[in-house]
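Please open the structure in a viewer and keep the selection panel at hand. The tour below proceeds by selection, with a description at each stop.

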Amino acid sequence: MRTLNRKILRNLWGMKAQVIAIVMVIASGVATFIMSVSTMQSLKLTQATFYTECRFAEVFASLKRAPESLRSRIQEISGINHVETRVSAPLTIDIPDFSDPATGHIISIPDNGQPLLNSLYLRQGRLPEPYRENEIVIGESFAKAHNFKPGATVGAVINGRRKNLTIVGIALSPEHIYQMPPGAVFPDFERYGVMWMRRSPLGTAYDMDGAFNDVTLTLTPGAHINDVIDRIDKLLKPYGGLGAYGRKDQMSHRYLSEEFRQLEQMATIFPVIFLGVAAFLLNVVISRLINIQREEVAALKAFGYRNLDIGLHFVKLVLLIVLAGVLGGIAGGFWFGRWMSTIYMEFYRFPFLKYQLQPQVVVIATLVTATAAIIGTLHSVRKAALLPPAQAMRPESPPAFRVSLPERLGLKHLLSQPTRMIIRNIERKPVKSLLSITGIAFACAIMMVGSFQKDAVDYIVDVQFGLSQREDLSVTFVEPTSRRVLYELQRIEGIEYGEVFRTVPVRLRFGHRSYRTTIQGLESGGDLQRLLNTDLKPILLPSAGIVLTDHLGEMLGVHEGDRLRVEVLEGNQMEFSVPVAALIRQYIGVSAYMDLRALNRLMREGNAISGVYLAVDSRYLHEIFDRLKETPRIAGTEIREKAITNFYETMGETVLIFTFINTLLAGIIAFGVVYNSARIALSERSRELASLRVLGFTKGEISYILLGELSALTLAAIPLGFLVGKGMCAYIAETLKTDLFRIPLILEADTYAFAATVVLISACVSGMLVWRRLSQLDLIAVLKSKE
Amino acid sequence: MNESTHKETIVFQARGITKVYDMGEVKVRALRGVDMDLYSGELIVLLGPSGSGKSTLLNILGGLDTATTGHVTYREQDITRALDKELTDYRRFHVGFVFQFYNLIPSLTALENVSVVTEIAKNPMDPAEALRLVGLGDRIDHFPAQLSGGEQQRVAIARAVAKNPAVLLCDEPTGALDSATGIIVLQVLERINRELGTATVLITHNADIADMADRVIYLSDGLISRVRRNEHKKSPSELHW
Ligand SMILES: Nc1ncnc2c1ncn2[C@@H]1O[C@H](COP(=O)(O)OP(=O)(O)O)[C@@H](O)[C@H]1O
Ligand SMILES: [Mg+2]
C-alpha cells in the first residue's frame, strides 16, 4: 500500500495548480465558517462574562417618582432577587471647545461603593468619593470621543441648574454597551454621553431626595419574567410607571442581539455556498482524474487490489486535499476571526476580549467539509471501485457525436469547422457543460452578494436622508412643551423654518403580539419629515388613524384597517385604540406615525410637542448651537450630517467588513471554478487538439476551439449568475431584517458589472494559463501515449 | 515432459465455457463452448484472428471476468462460482497478467510499479530482483514515460512474475511492439517459463509466435478449431515476422 500512497502524492503534484485552486476554495469556506462562528461565540462569551461580572439587571423600569419606601414592596414580589432603585436624569452637557450641543443621561450609583446591579467597569480613575457632590464617572465612548481624562471638568445643566462636574473615572457599563441618544437609531459617541454620580447629591440636584425614578432588578431562578413585569407595572402605575421591560427590550442588549443574529446568518449562508462550490470542483476534478486512470485502476484490480482498496485510495486523495484546505481555513479563520472580534470589541467597547476557537467548531468544520467533499466525489469513486477490470482494459469507444442543433437548423454553412466542433462538444455533454456553467454562475453570484450590501447602504441613506428626513437639525425637549418654543427658536438668526413633532413612547398591541416603540406625531403637510409609500412617493399623513413602518406592521401582523391597542408609556399612561391607516416604507428604525393634532386629541393634552425639526442656514450653525445650549430643557439635538456619518460608521464597522472579506474569498472561488473548467477541458482534449495540429491546424485555430468553448460557457454563465446572485441577495436581505435597519434589494448596474468583470478576468487569466500550455503541447508525446 | 506428469499437475480445466455479451438489442456470443486444460510448467499459445474470443477466454481464466455458462476449475477450485472477493484473492495470489498496452501506472517508477503488486502478495520476489530478471536492473528508477515500449512491457512482465504466480496470462504482449523488440519480450517470457516453471498462456494473432509454444490452441469465432502440439519448440530468437 505504501507505493499506492506515493501515487497519491504524485497525482496531486501532477495537478498541483488545480489542487491549489480547490484547496483555496475549501480554505475560504472553512475560513468564513470559523471566522463567523468563532467571532460570534467569542462576542457572546465576552458579553456573557461582562454581564455576569457587572451583574447586568434582568428587568428595567422607569417611573415619574416614587418614595424610597416603595423599594421594600418591590422586593416582596415573588420571583425577584435583587432590587436597586436609582435616580436617572437627562442633562445637557457643555464641553469646552466643542460647539455642537451635547446631551446625556446621568444615573445614580449608591452613596457607597459599586451599584448592586449594573456595576461599573472602571477603565481609568476611580468612583466618586462617597456622598461627594459634583464628582462623576463617564462612559468610555464619550470620554474617548472628547479625549477626556480623569481630572477634567465639564459643565452640565441638570433640571435647569448649571453645575460644574469633575470627571474622576472612566467606565463601561453593561447597560450602555450600545449608547444611543433618545429617539436616535444609531450611536452618537460625540453628542451623547452617559455618566454616573453618587445617589444623594444627584437626588438633591434632581429633586429626588428620598425618592427614585428608575429601578432595575434581577430574578430568582425559575421566575417568570412576564409575571414579574405585570406585578411591577401594577405596583408602579400610581407613581407614573412607564412599563417595565426585560433585557430583550433593553436598547443596548437588543441591538447587540440583533447584530449577533446577523452574524449568525452570515455564518451559515456563506460557508454553505463555499463548501457547495468546493464539493462541485472536487467532483469535476476527481471524476476527470478517475476517468484518466481507468486503465490504471483496471490493472491494479487485475493484480488483486480489492474494490475497497481502490475506493479508499481515491478517498484518501480527496481527503488529503480536504485536509490541506481545512488546515488553511482554520489558520485563516482563526486570524480573520481574531481580527473581526477585535474590531467588534472596540466597536461595542467591551472591556475585554475573550477570543476563543472552540475545538468543536474545528471538528464540525472538518467533518462538514470532508462530508461535502466525499458527497461531491462519491459517484466517481464508487465507479472506480466497482469498475469491471476486463471491460476497462478494452479501449473506450470513440464518444458519440452528432450534428449539432444550429447545424440541423440549416446554419451549417455559416459555421466554421472549429466553431462546429465547439458547439458539438458542448451539446454532447450537456450535463457537464451545465455544471460548468452553474459553477461559474455561482462565482458570479457570490461576487454580487459581496458588493450588493454597499449599494444598499448608499440607497438607504439616499431614501432616508434625501427623501424622508430632510431637516438639518432636530431638537428634542426633556418634557412635552408648548408649541410656543417653535416661535422662540425661529427668532434665532439662521433658523429658517421649523416644524414641530410629538414623540410618545408606547406599547403597541395587536392580538397577542406587542412591540415597544414611539409614536411620532407630525404636522400634516410638513415638508421636513415626509412619509414614503412603498413606491417611495411622499404620502399625505391621514388625519385619523396610525401609520406604521412596514417592518413594524409585519412584526405585529397587522394590515390596513386593523385596530391597534396603544398603551402610552409616559405621563397619564392612557390607553386607546386606533385603526391602521397605512403602512409606509422605511429602512431605518421601527416607528409609528400619526397626525400631530389627532395624537394630541387622543392624549387629551392640547398642543403639546416633544421637539422641533429645523431647516437652518449652515453659515449660522455655530451661533445656533450656542443659542441652543442656553435654551433650557433640551434633551437632545440631532444633526443630519452627523446622523449620516453615524449610519455609515455603524454599517461600515460591522457589515461592510464582513462583506469585504467575503468579496475577497468570492474572487478566489470565481478563479477556482473557471480555472478548473479550463484545465479539465485542456486535459480532455489535448490529444484531439494535438492531432489537429499534426494535420496542419495553427496554434490560433486550436486555441480557438478550446478557449471558444470556455468563453461560450463563461458568457452563458454570467446572466445565470446574475439571476442566482439576485436570489441570494434577496435571501440575505430577507434574513438580515432587523429593528435597526432593513436592507432593500437594490442592485445597481455597477454591482452586476463588477461581478461580471471579476468572472471575465478570471476567465481571461485561466485562458492565458491554458493557452500557454497549449503552445507547449508536445505533439509526438500526445500522439504516442495511449489514453 | 510426458503426458502422465501433465495430467497429475493440471492447473486449469475449462469445460463448456460460453460468454454472451448482452448489448441490449444485440447479443454478442464471444465464446460458444470452449474446453481446455493447462498443465503446470506448460507454455500455451492461444492463436486466432481479432475478435475470435481470445481475450474473453483469458479474462475468464484469470478471474477478471465470469463465464455465462460452463466451469473453470483452478487446482480443483471452481472459480466460475466464486464471489467477487474470492476472485480478487485468486488474482492477488495466483495469477500474473501482462497486457498489450502494458498498463503501467505512469506516476510510479519501474520499481514502484513492481512493488505495488509485491506489497499485496504472499511470497513475492524482491522487486529489484524481478526487474533484473527482465534485464532492466539499471532502469529501476525510471518512470514509464522514460522507457521505450519494449522496456515498459518488460516492466509489466516483471510486475506480473514478481509475486511468483502459478500462471502467467499474457494478452498480445508483443502486439504494440516491433518484431525485434517483440522477440526480446518473448525471450523474457520463455526464460521465465523455463527457469521458474510458471505455466503461461500467451495470446497472439501472429501465427509465427505459435512456434515457441508447447501447445497451440486455435480459436476462431468463439470455438476451438484445432489444437497443435509442437514437437520441436523454437526459441524466440529463431522467430521472425
Ligand atoms: N465488453 C464487451 N462488450 C461487448 N462485446 C464485447 C465485449 N468484450 C468483447 N466483446 C466482443 O466479443 C468478441 C470477442 O472479443 P475478444 O475476446 O476481445 O476477441 P479477441 O481478443 O480475440 O480479439 C468480439 O466480437 C468483441 O466485440
Ligand atoms: Mg484481444
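The largest cavity, with a volume of about 150 Å³, is the starting point of this tour of a predicted model. Its lining consists of 15 residues; select A:Lys432, A:Ser436, A:Ala681, A:Glu709 and A:Leu713, which are the closest to the centre of the cavity. Next, colour helix 14 (430-468), helix 19 (640-694) and helix 20 (699-735) of chain A, the elements that each give two or more residues to this lining. Helix 19 of chain A supplies the largest share, five residues. By class, the lining of the largest cavity comprises six nonpolar, four polar and five charged residues. In the whole structure, a search finds five cavities of 30 Å³ or more.

Now turn to chain B and display its strands. Six strands of chain B form an open sheet with mixed pairing, in the order 6-7-8-3-9-10. At the edges, select strand 6 (95-98) and strand 10 (223-229) of chain B, each of which pairs on one side only. From one strand to the next, the twist averages 20°.

Within this sheet, select strand 3 (residues 43-47) and strand 8 (residues 199-204) of chain B, which pair in the parallel sense over five bridges. Show B:Leu43, whose bridge partner in strand 8 of chain B is B:Thr200. B:Ile44 stands opposite B:Val201 of strand 8 of chain B.

Two helices can then be added to the view. Helix 6 (residues 149-161) of chain B packs on the sheet and touches strand 6 and strand 7 (167-171) of chain B. The direction of helix 6 makes about 170° with that of strand 6 of chain B. Helix 7 (residues 179-196) of chain B also packs on the sheet, where it touches strand 3, strand 7 and strand 8 of chain B. The direction of helix 7 makes about 155° with that of strand 8 of chain B.

Strand 7 of chain B runs parallel to strand 8 of chain B, and five bridges join them. Select B:Asp171 to find its bridge partner in strand 8 of chain B, B:Ile203.

The last stop is strand 8 of chain B itself, with side chains shown. In a regular strand, the side chains alternate between the two faces of the sheet. Here B:Ala199, B:Val201 and B:Ile203 point one way, B:Thr200, B:Leu202 and B:Thr204 point the other way, and all are buried. Because six of the six residues of strand 8 of chain B are buried, this strand is largely enclosed by the rest of the structure.

Terms used. Residues numbered from 1 in each chain as written. Chains lettered and ligands numbered in written order. Predicted model: local features only at pLDDT ≥ 70, side-chain atom pairs only at ≥ 80, totals over all residues. Heavy atoms only, no water. 1 Å grid on protein atoms, 1.4 Å probe; cavity = no way out; pocket = protein on both sides within 12 Å on 5 of 7 lines; lining within 4 Å. Points joined across faces, edges and corners; volume = space filled by probe spheres on them. Helix = DSSP H or I, 4+ residues; strand = E, 2+ residues; numbered from the N terminus. Nonpolar A, V, L, I, M, F, W, Y, C, P; charged D, E, K, R; others polar. Pairing = 2+ DSSP bridges. Axes fitted to C-alpha atoms, helices over the stretch in contact; angles between N-to-C directions. Contact = heavy atoms within 4.5 Å. Buried < 20%, exposed > 50% of the residue type's maximum accessible area, 1.4 Å probe, protein only.
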